Amino acid sequence: MREKIKVELKNLTKTFITNKNDQVKAVDNVNLTVEPGEFVCLLGPSGCGKTTTLRMLAGFEIPTEGEILIGGKNVANLTPDKRDTAMVFQNYALFPHLNVYDNISYGLKLQKLPKSEIRDRVDKILELMKMKDFAHRVPSEMSGGQQQRVSLARALIMESGVLLFDEPLSNLDAKLRLHMRDEIRKIQKQVGISTIYVTHDQEEAMGLSDKIVIMKDGMIQQMGSPREIYQKPVNEFVAQFIGRANILDGTIAEEKEGTVILDVHGVRYETEKTTGHIEGDKVKFMIRPESFIIGGKDFKAEVTKSVFMGSHHEYEVSLFGKTFEISENNPMRKITADTGEQLFFSMDPNSIHILEK
Ligand code: ADP
Ligand code: MG
């Protein structure tokens, strides 16, 4: 196994000039460190600059400003093949006329390695990917999932320091996507390769990442572990983008050591302090649908939707002129409220997260 590589993006910016001479700032002053062996997802809606960031890393796009360091080395002037990166594309990009063996060995042949070494390395990768039986098939004789495994094998065999993925699973059906996600994570751990993975699918990002980077309009909104991002989103955009979120109004009634007393329409909860707020401030806070205590006494609201989903029961209730999403987990044998009825509930103070200003 090779040594693990650190990747650093410093003030990275890309401005495209369109043919009508408009400027499009696709990536806006991005600062990001990928620790050696780390799995980092760039997550955000379509058009937020994920692909452009990845393409600058790979060397397919020249930054307008900023630096890219791979293993401490500034790669600005290096062509893609000299960058110690390997990329897996959404559309697999396999050679249609070559079989699996030849597709995977292609890059090594270009490097003019001895035949015996090429054979050894291809065998090892086919073993790792459990694809030995497919070695002689051409892409058209394989499913999408199998083709994507070949394209992953082709990237891994180069033994680069950094693996780049651009929405590699979006052409696969839901079940296969889940399977491939687990496989990618397992192999990445096994190989220990630093990985940057672009997706617009929040579940994929949650399931894969050590670190998630949330992007919007070319800018990083927040980065952190899946748990940090889910529990402590910095703003409404992040809260809504990852999972489901209720955004509500409250007032900071009192400041304490590390906590505050939050007044929510007359009900007071002691909850963790978010920097930047002082006593008397009107704030927005987030609470996830699963963080309500159903049957609690603090609030009473009319149910506008009530759906039993098996593993959970979904409610929409109307209160303070807003619609809340509430989810009762593990609803087996519990009594539920129907549409038009009243639901009593409280909020779990530990699951209230006050958003930054
Ligand atoms: P994502 O991968 O997050 O969907 P992209 O990085 O592909 O986003 O694009 C970011 C923004 O840059 C978009 O507004 C897109 O239209 C624009 N863009 C991307 N490539 C070009 C280009 N070659 N010329 C002009 N604008 C571009
Ligand atoms: Mg893209």
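## Exercises on burial, cores and a ligand shell

Gln-146 has a relative accessible area of 18% and is therefore buried (buried means under 20% relative accessible area, exposed over 50%, and partly exposed in between, with a 1.4 Å probe and protein chains only). The structure is a predicted model, in which local features need pLDDT of at least 70 and side-chain atom pairs count only at pLDDT 80 or more, while totals for chains, interfaces and linings use all residues. Residues are numbered from 1 along each chain as its sequence is written, chains are lettered from A and ligands numbered from 1 in the order in which they are written, and side-chain values use heavy atoms, with hydrogens and water left out.

**Exercise 1.** Place Gln-146 in its helix and find its contacts beyond four places in sequence.

Solution. Begin with the element: Gln-146 belongs to helix 4, where helices (H or I, at least four residues) and strands (E, at least two) are DSSP runs numbered from the N terminus. Then look for contacts, meaning heavy atoms within 4.5 Å; once neighbours within four places in sequence are set aside, Gln-146 touches Met-131 and Phe-134.

**Exercise 2.** Describe the largest nonpolar core and the part that helix 4 plays in this core.

Solution. A nonpolar core is a set of buried Ala, Val, Leu, Ile, Met, Phe, Trp, Tyr and Cys residues joined through side-chain atoms within 4.5 Å. The largest one has 43 residues, and those that touch the most other members are Ile-104, Met-129, Leu-152, Leu-163, Ile-184 and Tyr-197. Helix 4 (residues 144-156) gives this core its largest share, five residues. Next, take Leu-152, which, not counting residues up to four places away in sequence, touches Val-88, Met-129, Leu-163, Phe-165 and Ile-184. Finally, a second core of 26 residues is separate, and Ile-5, Leu-12, Leu-54 and Ile-70 are among its members.

**Exercise 3.** Which residues of helix 2 are buried, and against which helices do they pack?

Solution. Within helix 2 (residues 100-110), the buried residues are Val-100, Tyr-101, Asn-103, Ile-104, Ser-105, Gly-107 and Leu-108, and they pack against helix 3 (115-128) and helix 4. Just after helix 2 comes Lys-112, with a positive phi of about 55°, although Lys-112 is not a glycine. Most residues other than glycine have a negative phi. Lys-112 sits in the loop between helix 2 and helix 3, and its relative accessibility is 71%, so it counts as exposed.

**Exercise 4.** Is Lys-211 buried or exposed, and which residues does Lys-211 contact?

Solution. Lys-211 lies in strand 9 (residues 211-216) and has a relative accessible area of 15%, so it is buried. Leaving aside neighbours within four places in sequence, its contacts are Leu-32, Thr-33, Glu-38, Phe-39, Val-40, Cys-41 and Gly-224. Gly-224 is 13 residues away from Lys-211 in sequence, while their C-alpha atoms are 5.2 Å apart in space.

**Exercise 5.** Work out which elements supply the shell around ligand 1 and where its oxygen atoms meet the protein.

Solution. The shell holds residues with a heavy atom within 4 Å of the ligand, including Phe-16, Val-24, Pro-45 and Thr-51. Strand 2 (23-34) and helix 1 (50-58) each supply at least two shell residues, and helix 1 gives the largest share, three. For the oxygen atoms of ligand 1, one is 3.0 Å from a polar backbone atom of Gly-49, one is 2.9 Å from an N or O atom in the side chain of Lys-50, and one lies 2.5 Å from a polar side-chain atom of Thr-52.

How values were computed. A polar contact is a pair of N or O atoms within 3.5 Å; within protein, one must be able to donate a hydrogen and the other to accept it, and residues adjacent in sequence count only if both atoms are side-chain atoms.
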